[in-house]
Amino acid sequence: MKAFRYHRPANVAEAVAVLAAEPQAAYLGGGTNLVDLMKLGVQRPDVLVDVTRLPLDTVEELPDGGLRIGATVRNSDLAAHPVVRRAYPVLARALLAAASGQLRNMATTGGNLLQRTRCVYFQDTGKACNKREPGSGCAALHGQNRDLAVLDWSEQCVATHPSDLAVALAALDTVVEVHEADGPRDIPIAEFYRSPGTHPERETTVARGALITAVRLPPLPAARRSTYLKVRDRASFAFAAGSVAAVLDLDGDVVRDVRLAYGAVAHRPWRAYRAEEALRGRPFSPELAARAADAELAEARPLRHNGFKLPLTRAITVRALTELASS
Amino acid sequence: MQGGPENTTTIDERHSSRVTFEVNGASREVTLDNRTTVLDALREHLDLTGAKKGCDHGQCGSCTVLLDGRRVKSCLIFAVTVDGRSVVTVEGLAGPDELSPLQAAFIAHDAFQCGYCTPGQLCSARGMLDEVSQGWPSAVTDDLNTSAELTDAEIRERMAGNLCRCAAYPHIVAAVRETAASS
């Protein structure tokens, strides 16, 4: 591991200033991903700016009925928060489906959103990877790509975003609050993540050095009927083979509103707008849910080893919505 | 992967830090290369070899300790970041000549074979039982708005961050169940 300097900033402005002045500096949150990648030689910062002691660790109920979650709130605290459990179960379920008890005690809200792909070629410095080393190629495209993308990938990158939390936040139309060198800015989560395109090394639309300070959930009474369904290769402590965040609002049996987002299918948490459109205003049935998933996945381009993700994503869409409809 | 010329870089003051933190109730002060994890600080600098290095990547759980009372993986935390904080290792779960109820239950239920994962299992279970007593839900909790009863399924899910290659899992579950029931 490369030697690094350690800096503990007194406030957000100082943290952002250090990143602006130091081209190889990185923020350190819970460390569950960054420290691992430093051990692997994938990330090689020469300064770590420890943001975990900044006053960003509170969950605040907003006057409009929404919720502001500080960037350093630990995943375990957020999952256990009474308002999250009651008003946004999809969020609590997504957090609880991720990692392990120890890691949830460490991982932060902001860091979770910025974690890197678990593509094994990205994590192996002996392999070509455009995300790690722009221009070096993509060993995954024709390699072992079972865990990788089926939607919106490019010849340059077929990685998936690993976060469960981000999938739930995408379904909830969350706003990401960031602090950049020229001040604070709000970004809807739908505009926060990038498609890989020709620059897979750029994963978000914010400039390098931007610090996530909070995420803001809008009020969404329908989210009381919501869930997160995740399928893994083992019962626990594994990344998703497929996942769905779902919010369902029924008027009788007619779908008044629905929010769907998929994990493990693309370079970003995948908001399923087409599926939502296929469901909204129609009487709910499992068959309708299946057709809605098919509409979303119509443009999927599975790779050699991951065609199973299409029927899997379809099946968990049906199961999640059917469970919500009967709850 | 972790070798190479970088590791022979001369460490100057810019890349090291004086760290003061509490370990098992006693204040300790050490000067460490910033790259030193809590796990390596404990094992290589403080002669506390209870916490074990298994995978060193946060996957196996054998390095689990309690940080300010919460279970964490000490292999993924740089020691410089815990300045002023409190760490409890397996050596601190009970006095030198006694066993905590959890340790006694592990022995009574034969909850290990080789024993390498056991310090991590014990610290993890200690932290997990505290999480349960605070009413934290898990992925297998049906109703998020009530406190979960600690069924075997709950124990297994909540202990998923600790691997045991001897597969003593049924006995670990029994030991944790008994400890929870009697506390």
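These legends walk you through several close-up views of a predicted model.

**View 1. An open sheet of four strands in chain A.** Let's start with the sheet, where 4 strands follow the order β9-β10-β11-β12 in chain A and pair in an antiparallel manner. At the edges stand β9 (226-231) and β12 (270-271) of chain A; each has a single partner strand, so one side of each is left without a neighbour in the sheet. To see how β12(A) is held in the order, look for strand β11 of chain A, residues 254-263, which is joined to β12(A) by 2 bridges. In one of the pairings to look for, Ala261(A) has Arg271(A) in β12(A) as its bridge partner.

**View 2. Helices that pack on the sheet of chain A.** Staying with the same region, find helix α5 of chain A, residues 89-96, which packs on the sheet and touches β9 and β10 (242-251) of chain A. The direction of α5(A) makes about 20° with that of β9(A). Helix α11 of chain A, residues 309-325, also packs on the sheet, where it touches β9, β10 and β11 of chain A. Here the direction of α11(A) makes about 35° with that of β10(A).

**View 3. Helix α10 against helix α11 in chain A.** Now follow α11(A) to a helix partner: α10 of chain A, residues 286-297, packs with α11(A) at an angle of about 140°, and their axes are 9 Å apart. That angle makes α10(A) oblique to α11(A). The crossing of α10(A) past α11(A) is right-handed. On the α10(A) side, the residues in the contact include Ala289(A), Ala293(A) and Leu297(A), while those of α11(A) include Leu310(A), Val318(A) and Leu321(A). Sorted by class, this contact has 9 nonpolar, 3 polar and 2 charged residues.

**View 4. Where chain B meets chain A.** Here 37 residues of chain B are in contact with 32 residues of chain A. On the side of chain B that touches chain A, β4 (70-73), α3 (118-133) and α4 (152-158) of chain B each supply at least two residues. Of these, β4(B) gives the most, with 4 residues. The classes on this side of chain B are 13 nonpolar, 14 polar and 10 charged residues.

**View 5. Two domains of chain B.** The domain assignment divides chain B into domain 1 (14-92) and domain 2 (101-181). Taken over C-alpha atoms, the centres of these two domains of chain B are separated by 22 Å. Across their contact, 14 residues of domain 1 of chain B meet 14 residues of domain 2 of chain B. Two elements, β3 (64-67) and β4 of chain B, give two or more residues to the domain 1 side. The largest share of that side, 3 residues, comes from β3(B). By class, the domain 1 side divides into 6 nonpolar, 5 polar and 3 charged residues.

**View 6. Helices α2 and α5 of chain B.** For the last view, look at α2 (residues 101-108) and α5 (residues 169-181) of chain B, which pack at an angle of about 140° with their axes 8 Å apart. The two helices α2(B) and α5(B) are therefore oblique to each other, and α2(B) passes α5(B) in a right-handed crossing. Pro101(B), Leu102(B), Ala105(B) and Phe106(B) of α2(B) make the contact with Ala175(B), Glu178(B) and Thr179(B) of α5(B). By class, the contact has 5 nonpolar, 1 polar and 1 charged residues.

Technical notes: Residues are numbered from 1 along each chain as its sequence is written. Chains are lettered from A and ligands numbered from 1 in the order in which they are written. This is a predicted model: local features need pLDDT of at least 70, side-chain atom pairs count only at pLDDT 80 or more; totals for chains, interfaces and linings use all residues. Two strands pair if DSSP finds at least two bridges between them. Two residues are in contact if their C-beta atoms, placed from the backbone, lie within 7 Å. Axes are lines fitted to C-alpha atoms, for helices over the stretch in contact, and angles run from 0 to 180 degrees between N-to-C directions. Ala, Val, Leu, Ile, Met, Phe, Trp, Tyr, Cys and Pro count as nonpolar, Asp, Glu, Lys and Arg as charged, and the others, Gly among them, as polar. Angles under 35 degrees count as roughly parallel, over 145 as roughly antiparallel, 65 to 115 as roughly perpendicular and the rest as oblique. A crossing is left-handed if the near helix is turned anticlockwise from the far one by less than a right angle, and right-handed if clockwise. Domain bounds come from an automatic or database domain assignment.
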